[in-house]
Amino acid sequence: MIVRRGSEIKSSEITSKDAFLRYAQTRRGFLAGAAALGVSAFVGGTRMFADDKLKTVPSAYAVNETETPLKKATTFNNFYEFGTDKGDPSQNAHTLHTRPWTIELTGLVKKPQTVGVDDLMAYRPIENRVYRHRCVEAWSMVIPWDGYSLAELINFAQPLPSAKYVQFISKLDRKQMPELPGGFDWPYSEGLRMDEAMNPLTLLCFGCYGETLPNQNGAPVRVVIPWKYGFKSAKSIVKINFTDKQPKTLWNESNSGEYGFYSNVNPQVNHPRWSQGHERRIDTSLLPHTIPTLMFNGYGDQVASMYNGMDLKKNY
Ligand code: MTE
């Protein structure tokens, strides 16, 4: 069992309204089963949290680099549904309702079905994985994510042999997302080839820094694909679609000349408007801390063989 069930939560442990309101701007979380108590767990339209610590197990996946301070990772975000400035999501994403939450497994699978996120969290031990996180905008972080390999869920979903790609669809709710910018083909969608999705590095992610994901980081469930630019890692996922064709993805559709389907981190393939040779590590340094970008973000040993024989300049 990953988190305590509702029946084990004392009402005294449920955070007071004041404490919640103080906290809601920057952090939020959820304890599975609070609703089962019959306690009204909503304040200002957002589910309050009672205890958002995750029980995690160590994993072999950890880069030996200084972790980005939690404050930075949760206040410098890209989550356009809640505004396009880096500080917007931490200010605005408290309007996202993260329970009840289900994920639809659909398309080319043996049996299409809908699963609850709490069941998904309890399905496998939650591992702590410290990954490099490289945005296409040439900044990077080192984040301790919490989750398990997406392959576990894919095996559970039982895709048909004809399924060659996996598409991720993020939540779209205009009421909960009043800052939703025009000019994009919402909902946010992303995709991977099946072998990429099955790679053990690809993480189905429920938390970071040992706690459930803050809304601005993609609560209650996102993916993390550490050898690809960050935009491949769709947040707040409601649907996983198995398909035989390369799926449409939001950034690729909006500007295919700048954002390819693969988007593997590659210092030799520049963005048309800037170099990808270096990155600004978001950390505690006062001056910009610039470091060279690594091929596949440093994960070549685990992923390079998937692209043998492919022209990575064409398939950017
Ligand atoms: N997912 C959704 N639904 N909407 C978004 O705008 N932004 C992407 C990705 N996932 C985005 C998204 C981009 S550009 C990046 S770099 C990462 O989320 C940022 O994740 P972080 O805010 O947790 O660092």
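Begin by selecting the ligand in this predicted model. Its surroundings consist of 17 residues, and the closest are Y80, E81, H133, R222 and K235. By character, this shell divides into seven nonpolar, seven polar and three charged residues. The space that the ligand takes is the largest pocket.

Next, display the polar contacts of the ligand one at a time. Select K235: a polar atom of its side chain lies 2.7 Å from an oxygen atom of the ligand. Proceed to Y80, where the backbone provides the contact, with an N or O atom 2.8 Å from an oxygen atom of the ligand. Then select S170, whose side chain has an N or O atom 3.0 Å from a nitrogen atom of the ligand. How much of the ligand's accessible area does the protein cover? On its own the ligand has 530 Å² of accessible area, and the protein covers 98% of it.

From K235, step along the chain to S236. This residue lies in the loop between β12 and β13, the latter spanning 237-243. Its phi is positive, about 45 degrees, although S236 is not a glycine. Most residues other than glycine have a negative phi. Is S236 buried or exposed? S236 counts as buried, because its relative accessibility is 1%, under the 20% limit.

A second positive phi is found at Q158, which is likewise not a glycine; the value is near 55 degrees. Select Q158 in the loop that runs between α5 (150-157) and β8 (165-170). With a relative accessible area of 40%, Q158 is partly exposed, since that value falls between the limits of 20% and 50%.

The tour now turns to two cis peptide bonds. Most peptide bonds are trans. Select R99 and P100: the bond from R99 to P100 is cis, with omega near -10 degrees. P100 belongs to the loop between α3 (88-92) and β4 (102-107). Then move to A219 and P220, which are also joined by a cis peptide bond, here with omega about -5 degrees. For P220, the setting is the loop between β11 (211-212) and β12 (222-224).

Select N266 next, in the loop between α7 (250-254) and β14 (278-281). N266 is buried, because its relative accessible area of 7% is under 20%. Which backbone atom does the side chain of N266 reach? The side chain extends to the backbone nitrogen of Q268, at 2.8 Å.

The last two stops show residues that are separated along the chain and can be viewed together in space. First select L203, in strand β10 (residues 203-208). L203 counts as buried, with 0% relative accessibility. Add L150 to the selection: the two residues are 53 residues apart along the chain, while their C-alpha atoms are separated by 5.2 Å.

Finally, select G83, placed in the loop between α2 (70-73) and α3. At 7% relative accessibility, G83 also counts as buried. Display P178 beside G83: from C-alpha to C-alpha they are 8.8 Å apart, and in sequence they are 95 residues apart.

Methods. Residues numbered from 1 in each chain as written. Predicted model: local features only at pLDDT ≥ 70, side-chain atom pairs only at ≥ 80, totals over all residues. Heavy atoms only, no water. Near = heavy atom within 4 Å. Polar contact = N/O pair within 3.5 Å; in protein donor to acceptor, adjacent residues only side chain to side chain. Areas by Shrake-Rupley, 256 points an atom, 1.4 Å probe, with all protein chains shown as cover. 1 Å grid on protein atoms, 1.4 Å probe; cavity = no way out; pocket = protein on both sides within 12 Å on 5 of 7 lines; lining within 4 Å. Sits in = over half its atoms within 2 Å of the grid points. Nonpolar A, V, L, I, M, F, W, Y, C, P; charged D, E, K, R; others polar. Helix = DSSP H or I, 4+ residues; strand = E, 2+ residues; numbered from the N terminus. Buried < 20%, exposed > 50% of the residue type's maximum accessible area, 1.4 Å probe, protein only.
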